[in-house]
Amino acid sequence: MTETAIPQPTPEQAALVARVRRLMLIAGLTTALAIAAVLIAIGYRLFRSEGSSVTTDTTATLPKGARIVSTGIAGDRLVVTLDIGGITEIRTFDAHTLKPAGRLKFVSEP
């Protein structure tokens with residue numbers, strides 16, 4: 001078998017190959033930098049959120065005859081709707097600390 005000889009590239013071809021190699025190096029480094037940034041961001045979020053899960057035991061007392069009508073979440077607030085003897089009351093609590101944040105009573109006009 002005869003081996004085919006590979007001709008030497010012309011100066012224009014050598015310059016083009018060098019330019020393509022340089023562009024591929026830039027693209028590869030940019031991709032590696034982007035992947036590293038994403039991994040750092042994910043790691044930061046994982047390790048940062050570990051300490052934020054604090055468990056608290058809280059007991060909220062309700063007036064006699066009160067019943068919970070509904071509960072919900074609004075942003076960083078826990079919202080509890082109560083029926084206290086025909087009067088509707090909304091109580092809000094901080095979702096992280098469970099401390100009372102406010103009260104809203106609804107009464108009918110006489």
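**Group meeting: the pocket and the chain around it**

Good morning. Sorted by class, the residues lining the largest pocket are eight nonpolar, one polar and one charged; Ala, Val, Leu, Ile, Met, Phe, Trp, Tyr, Cys and Pro count as nonpolar, Asp, Glu, Lys and Arg as charged, and the others, Gly among them, as polar.

This is a predicted model, in which local features need pLDDT of at least 70, side-chain atom pairs count only at pLDDT 80 or more, and totals for chains, interfaces and linings use all residues. Residues are numbered from 1 along each chain as its sequence is written, and side-chain values use heavy atoms, with hydrogens and water left out.

A pocket here is an open set of points on a 1 Å grid over the protein atoms alone, where a 1.4 Å probe fits, with protein on both sides within 12 Å along at least five of seven lines; lining residues have an atom within 4 Å of a point. The lining consists of T58, A60, L62, I68, L78, V80, L82, R91, F93 and L98. Strand β2 (77-84) and strand β3 (87-94) each supply at least two of these residues, and β2 gives the largest share, three.

Turning to the chain, the secondary structure comprises one helix and four strands (DSSP runs: H or I, at least four residues, for helices; E, at least two, for strands). The radius of gyration, taken over C-alpha atoms, is 33 Å, well over the 13 Å that the globule rule gives for 110 residues, so the chain is more spread out than a compact globule. That rule is 2.2 Å times the number of residues to the power 0.38. Along its principal axes, the C-alpha trace spans about 105 × 35 × 30 Å.
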